There are 2 protein chains.
Amino acid sequence: MSRIVNVALGQLGPVQRSDTRERVVARLCEMMREAHALGAHLIVYPELALTTFFPRWYLEDDAEIDSFFEREMPNTATQPLFELSRQLGVGFYLGYAELADEGGMRVRYNSSILVDRGGRIVGKYRKVHLPGHAEHEPWRRFQHLEKRYFTPGQRFGVTQAFGGTIGMAICNDRRWAETYRVMALQGAEMVLIGYNTPVHNAPAPQHDDLSLFHNQLSLQAGAYQNGCWVAGVAKGGLEEGVDSIGGSLLVAPSGEVVTRCLSKDDEVAIARCDLDFCAVYKRSTFNFDLHRRPEAYGLIVARKGETLAADGTLWRD
Amino acid sequence: MSRIVNVALGQLGPVQRSDTRERVVARLCEMMREAHALGAHLIVYPELALTTFFPRWYLEDDAEIDSFFEREMPNTATQPLFELSRQLGVGFYLGYAELADEGGMRVRYNSSILVDRGGRIVGKYRKVHLPGHAEHEPWRRFQHLEKRYFTPGQRFGVTQAFGGTIGMAICNDRRWAETYRVMALQGAEMVLIGYNTPVHNAPAPQHDDLSLFHNQLSLQAGAYQNGCWVAGVAKGGLEEGVDSIGGSLLVAPSGEVVTRCLSKDDEVAIARCDLDFCAVYKRSTFNFDLHRRPEAYGLIVARKGETLAADGTLWRD
């Protein structure tokens, strides 16, 4: 099987609250057609792609919250995307809010799926690193209530697809080196990441101007230090009064940016990714079997922060 | 106590085999004086600063190998540096090859010390990530026998000094995200790193042209993702026919480069580092207590590579 994957970035511009899922899916389909015309095997869409980024609002009504979630995938609204995928032979990576039924318990996740070139779901991921806060904080210009609306996922896995080993992550995951490492230890050759990142970060507005730089730095370091391709795809632009960064980009295992989106609107960019290009890194500088030193890394799992142990109790040295 | 540390990068140009330690120490002292004239509280010198980078040679004679090592610190050759430190009130970070006596066993380490403004050793570190190889590989243009000449250190620690929490690392450590994280989990606000990095990397010459980029990327990611200052200092230039990168630089907790050396010779650069600048990152995006998920990081310590468990046996999933 070929080890070349032509990967398209399917960046989305803003999605307003009044936009129906059908309308968003039509935009996703349009980008899939553009990607197909460019020879894409796979198109990567953002986090929570089907609706506006609702964690910016404090909502108390369960039905209103649920209106942003999908109960099944595919469903009526997204079926056209799966059909087009099958028809064109273009796989996709899609983020959405998932309402799961776990033995009668309703559980909400920030999720993503990987769909192969036959329109079949071959991988699913639930976001591990939920940023923001859980309680209403009226002093903020807007909320970031991911810790309120979502239950965190419990693990990073990889999927055999597109001729290689593919890892999945979502948004804030990309800033944590552990994300890439845990997947690289399972052989990840490409990591797909969708995101929604407001330009303004209320707890640290001092670095609003650096948002694009931090995005790129995190993706580049994750790629280089694990010898894998990394695709990061935004939903950007002005959504319900809140501006989010674009800056979607595709990074080679060398850490070099090979393509990027230039707007904050719906935009497709593509690159030809040779999964065999990972080997030069994975067999030299980042040959984990030769060079890693897990015996010196214990604190990474023993400790959550400086003050808390991994189980959340107060850390005792 | 002030939380401002004026940090000088004390980059060294090449040290040839014929250069005596006394001559090298004179160069280090000259840079310390320059740094003092710029208001430095601390000057950071490279890895294995006192001699040429001898792991490029395959040596069999124990006495010859030992000639590159220090049996005590300070010793006669380095005493002038400690005295000047005390006299000027400038602390320093210095890498050297250490020959330790452990209950009658001679053990060789790639080590570094942190010296306070009173000329007292307040911290010591032994390199955890030894790159290269252990056996003679004649096909290489030159050897990189760190795995032969050194025993690996077992842990990353931090030292309370210069009004803050200081971490120490050496060369290849800087490419591993675990290095910074283990120290940040102990509160590191500044990480000091000396290095010797040949431009040519025999197992992966494809990325020789990217050496400076990879150096900078690793230092920037380590700083940003842990909200700490990072100083990386080279011994660069043409040493015994082998060219090494310079590119010494100082990175803020924002990931921004605040100063750098421009040559591959002896060169001092300085920046005013406010340790309180770490807090904006450590209390927001990288508030570990709020946002890390150690329960999802288990593989980082359980597994060495894709195929080996942490204890070196074959990994079984």
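**Figure 1. The two chains of the predicted model, superposed by a rotation.** Chain B is brought onto chain A by a rotation of 180 degrees with 0.0 Å of shift along its axis, and the superposition leaves an RMSD of 0.0 Å. The two copies are thus related as by a two-fold rotation axis. Both copies use the same surface, since 100% of the contact residues of chain B recur in chain A.

**Figure 2. The interface between chain B and chain A.** In this view, 64 residues of chain B are in contact with 64 residues of chain A, and the area buried between the two chains is about 6,000 Å², with carbon and sulfur atoms giving 59% of that area. Three residues, B:Trp176, B:Asp289 and B:Lys304, together supply 12% of the area that chain B buries against chain A, which is more than any other three residues supply.

**Figure 3. Polar contacts and salt bridges across the interface of chain B and chain A.** The rule finds 4 salt bridges across this interface. B:Glu178 forms a salt bridge with A:Arg292, in which the closest N and O atoms are 3.0 Å apart. Across the interface of chain B and chain A there are also 34 residue pairs in polar contact, with both residues of a pair at pLDDT 80 or more. On the side of chain B that touches chain A, at least two residues each come from helix H5 (177-184), helix H6 (211-224), helix H7 (279-282), helix H8 (288-291) and helix H9 (299-302) of chain B. H6(B) gives the largest share of that side, with 7 residues, and the residues of the side as a whole divide into 30 nonpolar, 21 polar and 13 charged.

**Figure 4. Helix H5 of chain A and its buried residues.** Helix H5 of chain A spans residues 177-184, and 8 of its 8 residues are buried, so the helix is largely enclosed by the rest of the structure. The buried residues of H5(A) include the charged pair A:Glu178 and A:Arg181, and the others are A:Ala177, A:Thr179, A:Tyr180, A:Val182, A:Met183 and A:Ala184.

**Figure 5. The surroundings of B:Arg293, in the loop between H8 and H9 of chain B.** B:Arg293 counts as buried, because its relative accessibility is 7% and buried means under 20%. Within chain B, the side chain of B:Arg293 makes a polar contact with the side chain of B:Glu295, at 2.9 Å. When neighbours within four places in sequence are left aside, B:Arg293 is in contact with residues of chain A, namely A:Val128, A:His129, A:Pro152, A:Gly153 and A:Gln154.

Key
Residues numbered from 1 in each chain as written. Chains lettered and ligands numbered in written order. Predicted model: local features only at pLDDT ≥ 70, side-chain atom pairs only at ≥ 80, totals over all residues. Heavy atoms only, no water. Least-squares fit on C-alpha atoms with pLDDT ≥ 70 in both. Contact = heavy atoms within 4.5 Å. Buried < 20%, exposed > 50% of the residue type's maximum accessible area, 1.4 Å probe, protein only. Helix = DSSP H or I, 4+ residues; strand = E, 2+ residues; numbered from the N terminus. Buried area = accessible area lost by both parts, 1.4 Å probe. Salt bridge = Lys/Arg side-chain N within 4 Å of Asp/Glu carboxyl O. Polar contact = N/O pair within 3.5 Å; in protein donor to acceptor, adjacent residues only side chain to side chain.
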